[in-house]
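Student: Please take a close look at the ligand and its surroundings.

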Amino acid sequence: MAPRDPGTPLEFGGPLGAAALTLLLPATMFHLLLGARSGPARLLGPPPSLPGPEELWSPRALLLWLTWLGLQAALYLLPARQMAEGQELKDKSRLRYPVNGFQALVLTALLVGMGLLAGLPLAELPEMLLPLAFAATVTAFIFSLLLYLKSLVAPASALAPGGNSGNPIYDFFLGRELNPRISLLDFKYFCELRPGLIGWVLINLALLVQEVELRGSPSLAMCLVNGFQLLYVGDALWHEEAVLTTMDITHEGFGFMLAFGDLAWVPFTYSLQAQFLLHHPQPLALPMAAVICFINVIGYYIFRGANSQKNTFRKNPSDPRVADLKTISTATGRQLLVSGWWGMVRHPNYLGDLIMALAWSLPCGVSHLLPYFYLFYFTALLMHREARDERRCLQKYGLAWHEYCRHVPYRIVPYIY
Ligand code: NDP
């Protein structure tokens with residue numbers, strides 16, 4: 001077995017933490033799915049009734065889920081408007097990736113649109129969320145197991161910095177191989193932005209369609225949630241190439257954490273606000289809706305500005321859009337931005353993302369905590385992610401990172417955190 005990179009500490013509480021999360025994440029997802037459709041819609045405490053096996057297991061749902069994965073894989077393999085190169089790997093090579101995620105979104109929308117005209121019963125989808133989520137969870141388990149087995153025959157140069165501790169549970173969870181792929185089908189890159197993200201907005205749309213069938217027209221709150229989240233997903237796919245410089249692609253192995261996160265957690269828990277609104281309609285006055293839209297615009301502006309600035313800088317530091325920004329040199333030859341968005345806080349992109357998360361929950365009113373789950377979870381996730389990234393940057397850049405922290409003392413929220 002290949003040795004792990006020295007100095008890579010065990011994360012997520014080591015094997016015990018990884019084992020607990022492997023069980024806890026799916027359990028939380030089902031708890032939320034049940035909570036959203038139950039009368040009290042409680043975030044904490046047991047759901048009113050536990051589902052029987054017949055509510056979880058449905059061959060029809062499994063078939064639908066596998067068809068969905070197959071469709072998205074086929075769209076991924078269609079000719080791309082552009083091919084992108086990933087970051088340099090340990091062996092100095094770079095992988096190539098098709099940039100056609102937005103095209104996949106548009107083609108999926110066309111197919112769904114044509115399906116609706118032909119009588120596709122999209123409003124039935126919300127009734128199938130439990131068995132679909134179950135199918136996605138089982139698929140993620142089996143897929144992660146196969147990825148783990150595949151990684152055992154991968155060369156040492158193909159392994160991620162973490163995730164090869166020698167403990168099978170920990171490595172299954174974190175993922176051993178950095179970029180598992182068969183020819184052009186890169187599994188991690190495919191799963192990051194395609195079936196889960198596009199599935200999320202499709203579930204949202206199905207919830208809206210069912211709301212129309214039940215109540216005659218879509219509510220303003222449901223329209224806002226659908227619109228905001230479609231903007232987020234459309235933006236991620238439009239800027240698909242930017243995912244190649246994120247931690248998930250450059251650093252994380254592909255194991256259960258990402259496979260379950262991408263395939264099950266994202267579509268079924270990120271659509272929680274729309275699920276809640278279908279079962280618990282909330283009145284929303286126009287002035288309040290305008291305030292919420294404004295909050296979303298501010299969040300998006302910061303999120304997009306920060307991500308694009310770093311991406312442009314990493315691709316070409318002398319690009320006129322970033323050439324005037326102040327930088328710190330590091331011993332690695334790479335530079336760090338200390339002005340612009342990245343001079344405000346050390347993770348301005350997280351700040352924007354969190355502001356948007358707030359805007360997605362506000363249309364659900366303030367009578368229930370459940371639709372705020374995403375905001376709580378995402379705050380915890382980004383704080384933990386920021387701490388992990390900070391450790392990594394300190395390892396990578398040493399003194400230069402200390403200097404950056406002196407210039408930019410706040411992590412995510414100016415003057416607060
Ligand atoms: P980031 O895009 O924030 O990347 C962090 C890296 O940026 C660092 O490791 C470092 O890498 C580089 N960097 C840090 N500071 C500077 C600087 N001052 N100047 C230049 N480069 C710098 O990481 P993530 O992958 O965590 O996030 C990407 C986006 O995805 C974010 O907007 C985040 O909110 C979003 N996200 C959304 C999730 C969701 O579920 N909705 C989940 C996770 C993330 P290097 O120097 O090697 O380039």
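Tutor: What follows describes the shell around the ligand, then the nonpolar core. This is a predicted model, in which local features need pLDDT of at least 70 and side-chain atom pairs count only at pLDDT 80 or more, while totals for chains, interfaces and linings use all residues. Residues are numbered from 1 along each chain as its sequence is written, and side-chain values use heavy atoms, with hydrogens and water left out.

There are 26 residues around the ligand; a residue is near a molecule if one of its heavy atoms lies within 4 Å of it. R314, Y350, D353, R385 and Y397 come nearest.

Some side chains make polar contacts, where a polar contact is a pair of N or O atoms within 3.5 Å. An N or O atom in the side chain of R314 is 2.6 Å from an oxygen atom of the ligand. For K310, an N or O atom of the side chain is 3.0 Å from a ligand oxygen atom. K396 has a polar side-chain atom 2.6 Å from an oxygen atom of the ligand. On its own the ligand has 920 Å² of accessible area, and the protein covers 89% of it (areas come from the Shrake-Rupley method with a 1.4 Å probe).

The elements that give two or more residues to this shell are helix 13 (286-315), strand 6 (335-337), helix 14 (348-361), helix 15 (373-397) and helix 16 (399-407). Helices (H or I, at least four residues) and strands (E, at least two) are DSSP runs, numbered from the N terminus. Helix 15 gives the most, with eight residues.

By type, the shell divides into 15 nonpolar, four polar and seven charged residues. Here Ala, Val, Leu, Ile, Met, Phe, Trp, Tyr, Cys and Pro count as nonpolar, Asp, Glu, Lys and Arg as charged, and the others, Gly among them, as polar.

The ligand lies between domain 1 (17-37 + 55-281) and domain 2 (283-417), because both give residues to the shell around the ligand. The domain bounds come from an automatic or database domain assignment.

The largest nonpolar core has 124 residues, and M29 and F268 have the most contacts inside it. Such a core is a set of buried (under 20% relative accessible area, 1.4 Å probe, protein chains only) Ala, Val, Leu, Ile, Met, Phe, Trp, Tyr and Cys residues joined through side-chain atoms within 4.5 Å. Helix 11 (residues 256-269) gives the most to this core, with 10 residues. Domain 1 and domain 2 both give residues to this core, so the core lies between them.

Terms used: Polar contact = N/O pair within 3.5 Å; in protein donor to acceptor, adjacent residues only side chain to side chain. Buried < 20%, exposed > 50% of the residue type's maximum accessible area, 1.4 Å probe, protein only.
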